[in-house]
Amino acid sequence: MYDVETKLAQIGNRSEKTTGTVNPPVYFSTAFRHAGIGESTGYDYTRTGNPTREILEQAIADLEDGDRGFACSSGMAAIQTILSLFQSGDEWIISKDLYGGTYRLLEQGFKKWGLRCCYVNTSSIEDIEAAITENTKAIFIETPTNPLMETADIAKAAELAKKHNVLLIVDNTFYTPLIQQPIRLGADIVIHSATKYLGGHNDVLAGLIVAKGDEICQELALHHNAAGAVLSPFDSWLLMRGMKTLALRMEKHEENAKALQSFLKNHDAVLDVLYPGRGGMISFRVQDETWVNPFLQNLTLISFAESLGGVESFITYPATQTHADIPEKIRLETGVCNRLLRFSVGIENVDDLIKDLDKAFTIAKEVTK
Amino acid sequence: MSEQYSFETKLLHNKHKFDPATGAVSVPIQHASTFHQQEIDSFGKYDYARSLNPTREALEEIIADLEDGTKGFAFASGMAAISSAFLLLSQGDHVLISEDVYGGTYRMVTTVLNRFGIEHTFVDMTDLAAIENAVKPNTKVFYIETPSNPLMKVTDIKAVSKLAKQNGAWTFVDNTFLTPALQKPLCLGADIVLHSATKFLSGHSDVIAGLAVVKDEELGKLLGSIQNSFGAVLGVQDCWLLMRGLKTLHVRMKHSCEAANEIASYLNNHSAIKKVYYPGFTDHPQYDIQQEQATSPGAVFSFELHSEEAMRTFVKNVELPVFAVSLGAVESILSYPAKMSHAAMDPTAREERGISDALLRLSVGLENPQDLIADFEKALKKTAELHYI
């Protein structure tokens with residue numbers, strides 16, 4: 001009923017009736033006392049359900065317009081939990097331009113257990129459809145993709161998924177429900193590395209899953225509890241604290257990203273800029289590969305670090321960081337070349353960021369002359 | 001290093017932007033209460049956490065930088081910061097203080113400091129002549145809150161600080177309502193800036209904390225000694241949470257100030273509202289001073305209904321803001337000064353100051369302002385139906 005920024009600011013408020021606390025309590029308790037046999041309070045053991053984690057799970061389900069949310073100990077734990085829905089012989093169709101951690105989990109983990117993955121360019125519906133076989137059980141999309149910022153048409157992919165009776169899973173880490181609500185567009189499951197924009201302060205490691213439909217929610221609840229990669233009460237609380245400012249942060253991230261896109265586009269050290277039009281993530285290629293290291297070393301404001309979505313600006317070098325686990329040949333084929341840098345634009349003053357970039361470019365060019 | 005950056009960038013990038021040992025981008029929480037010493041005769045920088053702790057030190061340096069001061073101090077609450085600052089005084093000293101000061105400060109001055117032989121006089125700090133008349137030979141502190149709580153009267157920090165200096169007294173400014181994002185009292189001549197950091201600085205209704213900042217290094221030493229001997233220091237977990245809150249201070253203040261302006265204007269044009277106290281209105285008596293010394297009128301304002309009964313109906317029918325003590329949070333908070341922030345003030349004193357029983361204070365949060373206006377519209381309609389027709 002309320003606007004999304006109102007919902008965000010109000011997360012957890014009025015969740016507790018005894019004291020009237022406006023901020024939800026952190027329940028560290030691992031177990032819950034029962035009055036007698038069969039008289040559960042609804043809580044038994046914290047892995048199964050914890051009152052603090054539950055507020056977070058309801059909040060993300062509400063924001064993503066799903067039926068149930070599940071909080072996991074990391075973004076990868078969220079993907080691992082979803083993978084528990086499948087079995088040997090099942091096939092996934094998945095974005096070719098993909099986060100390296102997901103690729104590693106699939107190739108070094110689930111391949112061993114008989115799950116096959118078919119990597120396609122998910123910005124082409126035709127390519128997705130052509131890859132569907134009788135064993136295909138899910139289409140997994142990152143949109144925009146990481147780091148090439150290609151967008152996929154979620155609604156069309158959802159139609160395709162329905163037609164072939166497969167699940168559509170969307171990684172919504174880059175955009176968050178503020179910009180994109182995949183379930184509204186027909187997706188079955190949304191996942192997040194909540195470490196990024198949702199947490200937003202580079203200080204919580206967390207993953208979230210939201211699903212639509214009773215059967216799938218029940219099955220996920222089973223695996224979430226059985227495998228147990230759940231988020232701790234304190235991190236659940238810290239994540240909610242971050243989410244309260246998501247709307248404000250995202251507005252500023254995006255405003256800064258748009259300004260930086262035009263700055264980078266017009267800079268003679270830059271070959272091209274990849275920006276999907278929304279959000280705070282930009283990738284760009286420098287003209288000369290040898291500039292990359294001195295450029296990174298001479299940034300004083302922007303941190304050279306892996307991760308994204310935080311208040312502080314980060315630049316990542318996908319070739320040796322996020323995408324190091326993808327074989328070089330495949331990496332180069334998809335366009336994640338050695339000149340590519342990924343920029344998670346923070347909420348600093350944009351002119352301060354521009355000055356920092358400009359200075360680092362100038363020094364990089366000089367020292368490699 | 002942060003001298004060159006604008007305020008919003010400084011919130012994120014300071015000398016603590018990463019941990020030198022590991023490169024961690026979030027300041028580590030050092031729970032240690034004591035620190036191993038290498039020498040028998042000379043101790044290292046850190047010996048006992050009450051005196052200094054690396055996590056608290058990071059916060060103290062950050063707030064000192066943001067207020068353009070030289071030294072910051074973190075306390076267990078806003079009142080701990082204020083009380084510790086008052087401990088700079090001695091028996092026989094005298095304090096000149098804003099007459100509509102926060103109830104907790106009023107209680108400290110009237111029931112605690114008086115027992116130690118520290119006198120006080122309440123004055124209207126917007127009236128320079130009245131202040132001058134109230135100065136005594138033993139006046140040591142001019143204590144200002146601006147905008148004042150809850151009537152949003154604005155004090156000219158520069159003029160009052162000048163007057164204090166002429167009389168050999170310090171100026172203390174409670175900067176809780178505006179924060180250094182909007183107003184920097186040390187740059188206007190104040191000696192100590194005080195904060196209930198529970199409010200906008202932390203911003204999420206989940207930390208109780210106080211901060212003090214000074215510009216003069218000698219005064220810093222005096223206050224540092226009191227912080228250590230009195231020991232009302234802030235715990236390390238809360239220091240960390242407060243630093244986390246500071247990172248979004250700029251975007252939070254921006255949103256809340258814009259929304260406050262929108263809502264104050266809406267209420268000002270509503271027939272069910274008698275008066276809105278907001279220093280952003282051009283007809284506010286100190287509008288020009290506010291414009292001069294701060295970059296925004298802030299995100300808190302008060303408004304009065306036509307009767308206490310009308311106020312009660314309104315509060316009962318409002319759904320969105322929290323009805324609670326406190327301010328400066330992500331959630332909008334509606335308060336009833338007569339029974340909340342100013343309950344420690346006796347009814348006659350309240351009456352004299354114009355804090356009526358129909359007055360409410362609103363601290364605007366991060367909700368969409370249109371949602372708040374829609375909520376108020378509904379509650380005011382009900383109020384008008386029951387009381388004004």
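## Strand pairing, domains and chain contact in a predicted two-chain model

B:Leu194 stands opposite B:Ala212 in strand E7 of chain B. The model in which this pair is found is a predicted one, and the pair belongs to an antiparallel ladder in which strand E6 (residues 192-196) and strand E7 (residues 210-214) of chain B are joined over five bridges.

These two strands are part of an open sheet of seven strands in chain B, ordered E1-E7-E6-E5-E4-E2-E3, in which the pairing is mixed. At the edges of that sheet are strand E1 (71-75) and strand E3 (119-123) of chain B, each of which pairs on one side only; from one strand to the next the twist averages 20°. Helix H3 (residues 78-86) of chain B lies across E1, strand E5 (170-174), E6 and E7 of chain B, and its direction makes an angle of about 40° with E7 of chain B.

An open sheet is also present in chain A, where five strands follow the order E8-E9-E12-E11-E10 with mixed pairing. Because strand E8 (270-274) and strand E10 (303-304) of chain A each have a single partner strand, one side of each is left without a neighbour in the sheet. Within this sheet, strand E9 (residues 281-286) and strand E12 (residues 340-344) of chain A run antiparallel and are joined by five bridges, with A:Ile282 standing opposite A:Phe343 in E12 of chain A. Helix H10 of chain A lies across E8 and E9 of chain A, running at about 155° to E8 of chain A.

The two antiparallel pairs described above are set out here.

| Strand | Partner strand | Bridges | Residues standing opposite |
|---|---|---|---|
| E6 of chain B (residues 192-196) | E7 of chain B (residues 210-214) | five bridges | B:Leu194 and B:Ala212 |
| E9 of chain A (residues 281-286) | E12 of chain A (residues 340-344) | five bridges | A:Ile282 and A:Phe343 |

Turning to chain A as a whole, there are 13 helices and twelve strands, and the C-alpha trace spans about 80 × 50 × 35 Å along its principal axes. The radius of gyration of chain A is 21 Å, which agrees with the value near 21 Å that a compact globule of 369 residues would have. Buried residues account for 52% of the 369 residues in chain A, and, of the contacts in chain A with a separation of 6 or more, 70% are between residues 24 or more positions apart.

The domain assignment divides chain A into domain 1 (4-243) and domain 2 (247-367), whose centres, taken over C-alpha atoms, are separated by 27 Å. Their contact takes 25 residues from domain 1 and 27 residues from domain 2 of chain A. On the domain 1 side, H1, helix H4 (100-110) and helix H7 (176-179) of chain A each supply at least two residues, and the residues of that side comprise 13 nonpolar, seven polar and five charged.

Between the chains, the contact takes 28 residues from chain A and 27 residues from chain B. Helix H1 (4-9) and helix H10 (246-265) of chain A each contribute at least two residues to the side of chain A that touches chain B, a side made up of eight nonpolar, ten polar and ten charged residues.

A final detail concerns a loop of chain B. B:Ala343 is found in the loop between strand E11 (333-335) and helix H13 (347-353) of chain B, and B:Ala343 counts as partly exposed because 16 other C-beta atoms lie within 10 Å, whereas a buried residue would need 20 or more. B:Ala343 and B:Gly103 are 240 residues apart in sequence, yet their C-alpha atoms are 6.7 Å apart in space.

Key:
Residues are numbered from 1 along each chain as its sequence is written. Chains are lettered from A and ligands numbered from 1 in the order in which they are written. This is a predicted model: local features need pLDDT of at least 70, side-chain atom pairs count only at pLDDT 80 or more; totals for chains, interfaces and linings use all residues. Two residues are in contact if their C-beta atoms, placed from the backbone, lie within 7 Å. Helices (H or I, at least four residues) and strands (E, at least two) are DSSP runs, numbered from the N terminus. Ala, Val, Leu, Ile, Met, Phe, Trp, Tyr, Cys and Pro count as nonpolar, Asp, Glu, Lys and Arg as charged, and the others, Gly among them, as polar. Domain bounds come from an automatic or database domain assignment. The radius of gyration is taken over C-alpha atoms; the globule rule is 2.2 Å times the number of residues to the power 0.38. A residue is buried if 20 or more other C-beta atoms lie within 10 Å of its own, exposed if 12 or fewer, and partly exposed in between; C-beta atoms are placed from the backbone. Two strands pair if DSSP finds at least two bridges between them. Axes are lines fitted to C-alpha atoms, for helices over the stretch in contact, and angles run from 0 to 180 degrees between N-to-C directions.
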